[in-house]
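Student: Could you take me through a close look at the metal site in this model, and then at the aromatic contacts elsewhere in the chain?

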Amino acid sequence: MKRFSLLLVLPLVVLMACSAFAASLTPTPDLWALAQRHRAVHRFSTLFTAQNVREYFSSEAGLSQAIDWCKRTAVTKVYIEEFRGSYTADRATLVKARDAFGAAGIETSGCITTTRVGKDSTGWKEIACYTDPQTQEKLKSVFEYAAGLFDEIMIDDFWFTDCECPECKAARAARVVTIGGARYPVAGDTWEDYRCELMVQLSRHYILEAARKVNPKVKIIIKYPQWYDAFHERGYDVARESADFDRIWVGTETRDYTNKQWGGTVQFEGFFIMRWLGGLGGAKCGGGWFDPYGTSPATYLEQARQTVLAGARESMLFCYGSLRNDNGPKNIEALRANIPELFAVAGEVARRRPAGIAAYKPASSHPENEKVVFDFVGMLGLPLLPCHEFPATAPAAFFSVHALKDPDFAVKLKAFMKAGKPVLLTDGLVKALGDKVDLKSSGAHTLAVQGEPKSLLKLSQAELDPLRAEMLKPLRVKFKAPNKTGLYLFSDGSRVVENFNDEPIEVQFNGKSETIPARGWATHWK
Ligand SMILES: [Zn+2]
């Protein structure tokens with residue numbers, strides 16, 4: 001081993017010189033300097049998976065290349081991962097990397113991805129059975145290890161379970177979660193009840209308490225996946241977990257709607273989930289997180305824009321290894337060219353309060369056959385403002401079957417409509433409400449989702465313009481535009497219009513016409 005390290009010295013010096021030379025060729029504008037100036041408002045970060053740590057940080061050259069890449073990408077914070085997919089990164093390598101990034105002026109945090117932790121789930125093979133005591137102990141040891149290295153640890157979005165093994169079935173039937181000999185009662189008898197209790201109690205005792213015992217200063221971030229309508233089914237309890245954890249991060253990786261492998265999610269979802277969880281987490285909500293999988297430079301950039309428009313204070317670019325391969329470099333090139341504008345927009349958003357049509361999704365609400373309907377409604381040029389509590393003071397609101405999670409919804413809706421405010425209800429919700437609410441008022445509009453939210457993308461401008469006119473009246477806004485247009489309003493009258501179509505579009509805002517380029521946006525700040 002010693003012989004090899006001697007042999008490594010010479011190429012190392014040469015490579016370091018090369019890397020310094022590369023830095024001197026940094027194109028204008030200097031994104032590193034720009035990132036310093038905007039640090040308080042928005043920052044870009046990236047993540048080195050445990051496997052990236054092994055691949056890139058085993059050599060000085062790999063480490064200095066990574067630091068250089070970060071500086072050229074305005075990245076001022078990195079997450080250096082301890083565990084992923086049953087692999088634990090080497091302690092000495094982690095320490096060396098942590099200290100090198102720190103010395104380069106880049107903030108560092110740890111990360112854990114709870115894949116292949118122990119006993120396999122009967123469902124997804126990456127996921128574990130957390131009823132299993134040995135798996136629970138392994139989980140605890142992984143967090144103890146990371147807490148000994150970092151003062152902040154992110155948990156990637158695999159912190160859930162879908163196991164239905166005999167032990168999980170028995171625990172569910174007995175309505176009890178057992179951790180290290182302690183027993184916690186479960187409120188109901190569904191998988192949702194059992195899994196939410198299991199993940200909440202494990203988070204409290206084997207993540208938060210265990211990590212804090214090793215490092216009293218440690219802050220743990222729960223990063224929620226992008227599939228918000230199914231969180232509760234696999235044990236993500238956003239209300240209790242957001243209250244328990246120190247910080248929350250949000251998956252805004254919508255990718256390309258038409259991509260065969262990764263598609264099916266529309267761009268507006270990034271904005272919706274970021275604002276919705278932002279409301280739930282309040283000051284704990286630190287940032288968004290997106291990746292390059294199944295994206296083109298245009299859709300990659302759209303992820304960044306939705307994240308920034310939704311008020312995120314950080315854009316986490318997952319992950320260094322993927323961004324160095326396949327479609328990663330092209331996406332990063334496009335991002336770098338747009339970073340000055342993204343910083344500027346983040347600054348404008350941070351100074352303002354968003355406005356719009358309230359869109360109510362209570363925590364752990366069930367979508368039934370209106371899965372992620374909010375995402376599609378936001379593509380119709382209706383400026384949705386997500387919320388997790390009934391929007392009693394909103395000027396206008398959109399409601400779907402999700403609202404039925406609220407036991408007092410019908411009473412609240414009646415009061416809302418009595419105030420003369422326009423409401424847009426899905427046909428599924430209208431059917432479920434039956435005669436509980438008289439919807440004959442002139443302010444009630446029904447949206448024909450027909451159990452297929454994506455069908456909304458087929459609505460024509462002739463169908464959409466009159467609907468927008470009714471819904472936007474109390475906001476004193478008139479907006480005419482084709483489908484697949486995003487409208488983002490602010491309380492001071494500022495607005496952003498984003499065009500998700502492959503061709504330029506003509507829009508009209510309060511009578512004023514404007515052309516928005518294909519896959520482009522237009523910002524108007526007051
Ligand atoms: Zn199990």
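Tutor: What follows starts at the metal and then turns to the aromatic rings.

The model is predicted, and the values below are computed from its atoms. The zinc ion is held by four sulfur donors, the SG atoms of Cys-129, Cys-163, Cys-165 and Cys-168, at 2.3 Å. Along the chain these donors follow the spacing C-x33-C-x1-C-x2-C, and, of the cysteines, Cys-163 and Cys-165 are buried. The angles among the four donor atoms run from 103 to 114°, and the site is tetrahedral; for comparison, the ideal angle for four tetrahedral donors is 109.5 degrees.

Turning to the aromatic rings, a search of the whole structure finds 39 aromatic pairs. One of them joins Phe-268 and Phe-271, whose ring centres lie 5.2 Å apart with planes at 40°, so this pair counts as tilted. These two residues are three apart in helix H10, which spans residues 268-281, and are therefore separated by about one helical turn; both Phe-268 and Phe-271 are buried. A single aromatic cluster is formed by Trp-124, Phe-158, Phe-160, Tyr-224, Trp-227, Phe-231 and Tyr-236.

Rings also meet charged groups in this model, as two lysines show. The charged end of Lys-140 sits over the ring of Tyr-206, at 5.2 Å from the ring centre, while the charged end of Lys-421 sits over the ring of Phe-416, at 4.4 Å from the centre of that ring.

Methods. Residues are numbered from 1 along each chain as its sequence is written. This is a predicted model: local features need pLDDT of at least 70, side-chain atom pairs count only at pLDDT 80 or more; totals for chains, interfaces and linings use all residues. Side-chain values use heavy atoms; hydrogens and water are left out. Donors are N, O and S atoms within 2.8 Å of the metal (3.2 Å for Na, K and Ca); water is not among the atoms, so sites may look incomplete. Four donors count as tetrahedral if all angles lie between 85 and 135 degrees; four count as square planar and six as octahedral if opposite donors are over 155 degrees apart and all others between 65 and 115; anything else is irregular. Buried means under 20% relative accessible area, exposed over 50%, partly exposed in between (1.4 Å probe, protein chains only). Rings of Phe, Tyr and Trp (its six-membered ring) pair if their centres lie within 6.5 Å; planes under 30 degrees apart count as stacked, over 60 as edge-to-face and the rest as tilted. Helices (H or I, at least four residues) and strands (E, at least two) are DSSP runs, numbered from the N terminus. A charge sits over a ring if NZ of Lys or CZ of Arg is within 6 Å of the ring centre and within 35 degrees of the ring normal.
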